[in-house]
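Here are my notes for your first look at this structure. They begin at the ligand and then move out to a handful of residues worth finding on screen.

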Amino acid sequence: MANPMKIPFLDLVTPHQELEAELLAVVKMAFSNAGFIGGPMVEQFEREFAAFCGTEYCVGVNSGTDALRFAFMAAGVEQGDILVTVPHTFIATTEAISQAGAQIRFVDIHERTYTMDPEKLREYLETHCRFDISSGNLIERATKHRVAGIVPVHLYGQMADMDPIMEIAAKYNLFVIEDACQAHGAEYFSKKDNVWKRAGSMGKAAAFSFYPGKNLGACGEGGAITTNDQAMAARMKMIRDHGQAKKYYHDIEGYNGRLDSIQAGWLSVKLRRLAKWNESRRMLAHRYHGLLAEAKDSVVTPVEAPWTKGVYHLYVVRVQDREALQAHLTEAGIGCGLHYPVPLHLQKAYQNLSYKKGDFPVTERVAAEILSLPMFPQLLFVQQDMVVAKVKEFVGVRLVASH
Ligand SMILES: Cc1ncc(COP(=O)(O)O)c(C=O)c1O
């Protein structure tokens, strides 16, 4: 059955058409005072986004990658320090680690949530490292380098299991920087504190990306760091602006990593819709779960742990014959994505880390089977029905073929 309507993986045109008048008003405002860098629109967005995340401070920057890098630097990472993250993430997580002068170490993800497995983290720290009481540092036995921090990634808009990660971090005196680049508004129920917390409010700091396709996206590049630590916020403001706290007085060398004021103004306009858009994504995700339940023997749908409220930046399913399903959907005019096909430890860029196939079996299994289906707040039921029909058609054909 041919599909008469094309279904995009992501529709970025509709929301911008709907918000056109408000977005253009931001440009007019910027033109009226030529305040393109810094100023009230950036400060207003920073206040609003901090309030949204439930943190004291927000520092607007140029991208999610800068947000991670600046957060690592401001947290006190020193040359050669080790930061622990997962191999199932976008490369920006690890690029920022290397670019801050640190070394990357991976621990595997959890089979159901696709985020950092706290037990694998514990295992690495306990078996490969020793705590040096005199310095208060955790030291990797093989390299004698300090383990400085942990970088959990809230992938696909789903929260990493933060309670045990924070507990392990406290035990070994490590900082936690959340990679919340895909998780604007996701929530986690902390059993320890008996309260729901927003992504970006739990670690020492957290990085967000406003790349256009994100749940909160700029009309260009953008990012932010959230934190409750005043000194860190001040340091990150310096780092993003050539290391200066006062014009032309440079305390350190920094970067040109500022958030443009027009982007900040646009982000404020969109932030007012974010809760509604996230609700839409959640509703569509639950509808996908229901519609795909019939195919559950062949299609694994995302698992939302009871202690989380995901914001479904992506709706990622797992199937055995992923390439064939991808081809089937593409042929039917349905956009889909792969996030991510090659685990980071097996990327050419990281050959120097000497990891090998088999080192992170869960990540490797997941990477071979995942496929991201269309997911965006404006996705119509009729479009979603067509996606599901095509997935089921594929599964049905496979079942018949295997008999
Ligand atoms: C998990 C993750 N971390 C970091 C980034 C980097 O963000 P940016 O593209 O804004 O630099 C992204 C963006 O794709 C991401 O998905």
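1. Start with serine 209. One of the polar atoms in its side chain sits 2.7 Å from an oxygen atom of the ligand. Keep in mind as you look that this is a predicted model, so every distance here is computed from predicted positions.

2. Two further side chains belong in the same view. Aspartate 179 has a side-chain N or O atom 2.8 Å from a nitrogen atom of the ligand. Glutamine 182 also has a side-chain N or O atom at 2.8 Å, but its partner is an oxygen atom of the ligand. How much of the ligand's accessible area does the protein cover? On its own the ligand has 380 Å² of accessible area, and the protein covers 92% of that.

3. Now take in the whole shell. There are 16 residues around the ligand, and those that come nearest are Gly64, Thr65, Asp179, Ser209 and Lys214. Sorted by class, the shell holds 8 polar, 6 nonpolar and 2 charged residues. As for the space itself, the ligand takes up the largest pocket.

4. Which helix gives the largest share of that shell? The answer is α4, with 3 residues. Helix α4 covers 64-74 and α5 covers 92-99, and each of them supplies at least two shell residues.

5. While you are on α4, find alanine 74, which is part of that helix. Is alanine 74 buried or exposed? Its relative accessible area is 11%, so it counts as buried, the cut-off being under 20%. Alanine 74 also has a partner from far along the chain: alanine 233 is 159 residues away in sequence, yet the two C-alpha atoms are separated by 8.2 Å.

6. Threonine 226 is another buried residue, this time with a relative accessible area of 0%. You will find it in strand β11, residues 223-227. What does its side chain reach? A polar atom of that side chain lies 2.9 Å from the backbone oxygen of glycine 200.

7. Threonine 113 makes a useful companion to look at. It belongs to the loop between β3 (103-106) and α6 (118-128), and at 14% relative accessibility it counts as buried. Its side chain makes a polar contact of 3.0 Å with the side chain of threonine 115.

8. Next, two residues with an unusual-looking entry in the backbone angles. Asparagine 194 has a phi near 55°, which is positive although the residue is not glycine. It sits in the loop between β8 (187-190) and β9 (195-198). With a relative accessible area of 59%, asparagine 194 is exposed, because the cut-off for that is over 50%.

9. The other one is tyrosine 248, where phi is near 70°, again positive in a residue other than glycine. This tyrosine is in the loop between β12 (244-246) and β13 (249-250). Tyrosine 248 counts as exposed too, at 61% relative accessibility.

10. Please also check the loop between α10 (322-331) and α11, where tyrosine 340 is found. Which residue is joined to tyrosine 340 by a cis peptide bond? It is histidine 339, and omega there is about 15°.

11. Glycine 337 is in the loop between α10 and α11 as well. It is buried, with a relative accessible area of 9%. Its C-alpha atom is 7.2 Å from that of phenylalanine 9, although their positions lie 328 residues apart in the sequence count.

12. Last stop: arginine 365, in helix α11, residues 361-369. Why is it called partly exposed? Its relative accessible area is 37%, so it falls between the buried limit of 20% and the exposed limit of 50%. From C-alpha to C-alpha, arginine 365 is 9.8 Å from proline 343, and the two are 22 residues apart in sequence.

Note on methods. Residues are numbered from 1 along each chain as its sequence is written. This is a predicted model: local features need pLDDT of at least 70, side-chain atom pairs count only at pLDDT 80 or more; totals for chains, interfaces and linings use all residues. Side-chain values use heavy atoms; hydrogens and water are left out. A residue is near a molecule or strand if one of its heavy atoms lies within 4 Å of it. A polar contact is a pair of N or O atoms within 3.5 Å; within protein, one must be able to donate a hydrogen and the other to accept it, and residues adjacent in sequence count only if both atoms are side-chain atoms. Accessible areas come from the Shrake-Rupley method with a 1.4 Å probe; for residues, only the protein chains shown count as cover. On a 1 Å grid over the protein atoms alone, a cavity is a set of points where a 1.4 Å probe fits but cannot get out, and a pocket is an open set with protein on both sides within 12 Å along at least five of seven lines; lining residues have an atom within 4 Å of a point. A molecule sits in a cavity or pocket if more than half of its atoms lie within 2 Å of its grid points. Helices (H or I, at least four residues) and strands (E, at least two) are DSSP runs, numbered from the N terminus. Ala, Val, Leu, Ile, Met, Phe, Trp, Tyr, Cys and Pro count as nonpolar, Asp, Glu, Lys and Arg as charged, and the others, Gly among them, as polar. Buried means under 20% relative accessible area, exposed over 50%, partly exposed in between (1.4 Å probe, protein chains only).
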